[in-house]
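Open the structure in your viewer and keep the selection box handy. We will go from stop to stop, and at each one you will hear what to select and what is there.

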Amino acid sequence: MKIDKKKFIYLISPNKIDSKFYTNLRLVLKTGKVSFFQMRLKKYSLKNKFLIGKKIKQICKKNNVKFLINDDPFLTKQLNADGCHLGQKDTNINEARKIIQNKILGVTCHNSIKLAKIAIKNNASYLAFGAFFQTKTKKTKYKAKIDILKKTRKLTKSPLVAIGGINLSNYKKLLLNNANLLAISSYIWNNKKYKPHEAIKKLK
């Protein structure tokens, strides 16, 4: 899976979808900086996730962005999304692969080379590491250091995704150290200084 260097953002949805979200999403994706969009909604019913997912999928398709679902291979299949992202406590990668077939399947590896090796062995489409910095999006149980990206790059050519507290002041450091994609949420959606589409344009 090749990643366009200009499209280094792996955008994650805000925790809450409000009426302005879809307008903001269109503007953000129009900037041409996003490769993947992941729908990560922990507090919504399956029915709501399906309805929200249908709308997001259309916007992603128009902007040539891959649409991924967090944690749920069945919903991925129902929505015919481009892929699914699995955490370590979610469905087993081989089980998920049976459900979603040849779609994109990414795996969280936290700060562990051991988990990375398992993901590589199981043909994960990409490997995600973090948190590299403090984040408000979710509780940080694992702290990752930059050298994990260097070590993993020696093991695989698959894209490496960096997660956790990424913003204007620290993003370049990750891109210069083997991260292909930067998973970002709060910096875009909860930025006190810039609107979402302005915030993303600052990442060059």
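Start by selecting Tyr10 and Ala183: Ala183, in E8, is the bridge partner of Tyr10. Their strands, E1 (residues 9-12) and E8 (residues 181-184), run parallel and are joined by three bridges. Strands count as paired here if DSSP finds at least two bridges between them. The names come from DSSP runs numbered from the N terminus: helices are H or I runs of at least four residues, and strands are E runs of at least two.

Before moving on, a word on the model: it is predicted, local features need pLDDT of at least 70, side-chain atom pairs count only at pLDDT 80 or more, and totals for chains, interfaces and linings use all residues. Residues are numbered from 1 along each chain as its sequence is written, and side-chain values use heavy atoms, with hydrogens and water left out.

**The barrel**

Now show the strands as a cartoon. In what order do the eight strands close into a barrel? The order is E1-E2-E3-E4-E5-E6-E7-E8, with parallel pairing. On average, neighbouring strands of this sheet are turned by 25 degrees against each other, direction ignored. Angles run from 0 to 180 degrees between N-to-C directions, and axes are lines fitted to C-alpha atoms, for helices over the stretch in contact.

Add helix H1 (residues 21-30), which lies across E1 and strand E2 (34-39) and runs at about 155 degrees to E2. Contact, here and below, means heavy atoms within 4.5 Å.

**Strand E5 and its neighbours**

Select residues 104-108, which form strand E5. Is this strand mostly covered or mostly open? Mostly covered: five of its five residues are buried. Buried means under 20% relative accessible area, exposed means over 50%, and partly exposed lies in between (1.4 Å probe, protein chains only). Colour the two faces separately and you will have Ile104, Gly106 and Thr108 on one side, with Leu105 and Val107 on the other, and both faces are covered.

Next, bring in strand E4 (residues 83-86), which pairs with E5 in the parallel sense over four bridges. Click on His85 to find its bridge partner in E5, Gly106. With helix H4 (residues 93-100) shown too, E4, H4 and E5 make a right-handed β-α-β unit. Right-handed means that, with the strands pointing away from the viewer, the path from the first strand over the helix to the second runs clockwise.

Then turn to strand E6 (residues 126-130), which pairs with E5 in the parallel sense over three bridges. Here Thr108 has Ala128 of E6 as its bridge partner. The chain gets from E5 to E6 through helix H5 (residues 113-121), in a β-α-β crossover that is right-handed.

**The ends of H5**

Zoom in on Ser112, which caps the N-terminal end of H5: a side-chain oxygen lies 3.2 Å from the backbone nitrogen of Lys114. After H5 comes Asn123, whose phi is positive, near 60 degrees. Asn123 sits in the loop between H5 and E6 and is exposed, with a relative accessible area of 57%.

**Two more loop stops**

Select Asn80, in the loop between helix H3 (73-79) and E4. Although not a glycine, Asn80 has a positive phi of about 50 degrees, and at 47% relative accessibility Asn80 counts as partly exposed.

Go on to Gly130 and Ala131, which are joined by a cis peptide bond with omega of about 10 degrees. Ala131 belongs to the loop between E6 and helix H6 (147-153).

**Asn70**

Select Asn70 in strand E3 (residues 66-70). Asn70 counts as buried at 12% relative accessibility. Its side chain makes a polar contact of 2.8 Å with the side chain of Gln38, and another of 3.3 Å joins the side chains of Asn70 and Lys42. A polar contact is a pair of N or O atoms within 3.5 Å; within protein, one must be able to donate a hydrogen and the other to accept it, and residues adjacent in sequence count only if both atoms are side-chain atoms. Leaving out residues up to four places away in sequence, Asn70 touches Gln38, Met39, Arg40, Lys42 and His85.

**The cysteines**

How many disulfides does the structure hold? Zero, a disulfide being a pair of cysteine sulfur atoms within 2.5 Å. For Cys84, the nearest cysteine sulfur is that of Cys109, 14 Å away. Cys84 is buried at a relative accessible area of 0%, and Cys109 also counts as buried at 0% relative accessibility.
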